[in-house]
2 protein chains.
Amino acid sequence: MHTREELTEAALGYVFAHGLLNLSLRPLAAAVGTSDRMLIYHFGSKARLIADVLELANRRVSEGMGDFAATARTPQQVVERAWQLMTAPQTDALARLYLELCALSVRDGARWAPAHRKLREPWLDLLHRRLVALKVPGRRATVLATLVLDTLDGLMLDRLVTGDAARVDAAARAFARLLAEPR
Amino acid sequence: MHTREELTEAALGYVFAHGLLNLSLRPLAAAVGTSDRMLIYHFGSKARLIADVLELANRRVSEGMGDFAATARTPQQVVERAWQLMTAPQTDALARLYLELCALSVRDGARWAPAHRKLREPWLDLLHRRLVALKVPGRRATVLATLVLDTLDGLMLDRLVTGDAARVDAAARAFARLLAEPR
DNA sequence: GGCAAAGTGTAGCGGTCGCTACGTACGAAG
DNA sequence: CTTCGTACGTAGCGACCGCTACACTTTGCC
């Protein structure tokens, strides 16, 4: 007796582990203890199932983020805290999913870009709010939030693909240090 | 009468346009004026065809790059030149392919990471050599090359997904400016 | 000319895909 | 007790996948 919520939960776990690329109903169903038949019964279509899973993932992002930079007193510290959170083990699966959505959006933006944007927005908002709180002037805070998030995305990408945590960590620290100096 | 080289060339064009995700032989064959049968005949397998296409793409990268930062006199100018080249129209398809390989590597590194690394290496090498030529000390040049390339990758990703060239360009300029200040 | 090798079309294999038709248990409502 | 909507299993549809068997033509070499 699986409810739709339970199935969504279990499916998110499966998607975290196996990705969205080449996701197919039958292995997913087997993994969560049901059948492709019942997934379609509950969700109506594969697209709807994926939409529900991504929405759940989105809620997880907002919850898991907390106010990671609440105690940061400089842009440098904001970046350091953000990087710390992004590279934490429990964020790993989410980061992979996020980068997967990036790639899918590049090829089929109409279908995937909205989901990508929704996963990105909480980070961007929090960075921006924190920079504003640190008295970074408005226009500059907007540009800097984009730069910081994009840079951390690029670093995460490198880290996940190469697995060379030490080298990428050094680059992340160098980036944070760049923000210590004014201008 | 298609030779293997001609087919590789045409296939690269198709991959640029349609991506590696869900690439299938029959539409590809139709687009390049042959049949799936003949693609297998010439390349032996789909995997081999993709390997050849990526190798060709790799040669295109090295050719197309030239010495984009030859006249740069500061790290800031290096970044500006690199960004200029990356966002040039003729690099667009290549950037999409590169980011696609990133995502594929995240999910199946054993299969895709080598191709990703080969596409990345020419950029990393050139950035590093240029930074060294600008008298950036050795260890710092290595870290900085990683940081610059990862940041530009992240910015490209944002640019390609959101299509908001103006906002991302502003962030790229801000990044270049960060490198203008010493330390 | 004889003949092997290279090239090419047709047809189809075994597999996976999302999804559906159909039948049936079962619990609540009348 | 009957009725009916929800839950679920079985079987399979039609499309597409990478790839192959086989027969045929064309080509190049002796």
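Q: Ala, Val, Leu, Ile, Met, Phe, Trp, Tyr, Cys and Pro count as nonpolar, Asp, Glu, Lys and Arg as charged, and the others, Gly among them, as polar. With that sorted, how many charged residues does the surface near DNA strand C have?
A: This is a predicted model, where local features need pLDDT of at least 70 and side-chain atom pairs pLDDT 80 or more, while totals for chains, interfaces and linings use all residues. Side-chain values use heavy atoms without hydrogens or water, residues count from 1 along each chain's written sequence, and chains are lettered from A and ligands numbered from 1 as written. A residue is near a strand if one of its heavy atoms lies within 4 Å of it. Sorted by class, the surface near DNA strand C has six nonpolar residues, three polar ones, and its charged residues number six.

Q: Which residue of chain B is among the closest to DNA strand C?
A: In total, 15 residues surround this strand. Chain A puts Ser24, Arg26, Asp36 and Lys46 among the closest, and chain B joins in with B:Arg37.

Q: What percentage of the DNA strand C atoms within 4 Å of the protein belong to sugar or phosphate?
A: Those atoms split into sugar or phosphate on one side and bases on the other. Sugar or phosphate gets 46%.

Q: Which residue has a polar side-chain atom 2.6 Å from a base nitrogen of DNA strand C?
A: Let's go through some atoms around this strand. A:Leu23 has a polar backbone atom 3.3 Å from a phosphate oxygen, and A:Lys46 has a backbone N or O atom 2.8 Å from a phosphate oxygen. The side chain that lies 2.6 Å from a base nitrogen belongs to A:Asp36.

Q: Which element gives the most to the surface near DNA strand C?
A: Helices here are DSSP runs (H or I, at least four residues), numbered from the N terminus. The winner gives four residues, and that's α3(B).

Q: How many residues surround DNA strand D?
A: A:Tyr41, B:Ser24, B:Arg26, B:Asp36 and B:Lys46 are the closest to this strand, and the full count is 16.
Sugar and phosphate make up a share of the strand's atoms that come within 4 Å of the protein, and that share is 47%.

Q: Which residue of chain A has a side-chain N or O atom 2.8 Å from a base nitrogen of DNA strand D?
A: Chain B reaches the bases here too: polar side-chain atoms lie 2.6 Å from a base nitrogen for B:Asp36 and 3.3 Å for B:Arg37. From chain A, the side chain at 2.8 Å is that of A:Arg37.

Q: Which element gives the largest share of the surface near DNA strand D?
A: By class, this surface has six nonpolar, four polar and six charged residues. Its largest share is four residues, and they come from α3(A).

Q: What kind of axis relates the two protein copies?
A: Superposed by least squares on C-alpha atoms of residues with pLDDT of at least 70 in both, chain B lands on chain A with an RMSD of 0.0 Å after a turn of 180° and a shift of 0.0 Å along the axis. The copies are thus related as by a two-fold rotation axis.

Q: How many charged residues are in the contact of α5(B) with α8(B)?
A: Contact means heavy atoms within 4.5 Å. B:Val79, B:Ala82, B:Trp83 and B:Met86 of α5(B) meet residues of α8(B) including B:Leu152, B:Asp153 and B:Arg159. The contact has nine nonpolar residues, no polar ones, and its charged residues number two.

How values were computed
Polar contact = N/O pair within 3.5 Å; in protein donor to acceptor, adjacent residues only side chain to side chain. Helix = DSSP H or I, 4+ residues; strand = E, 2+ residues; numbered from the N terminus.
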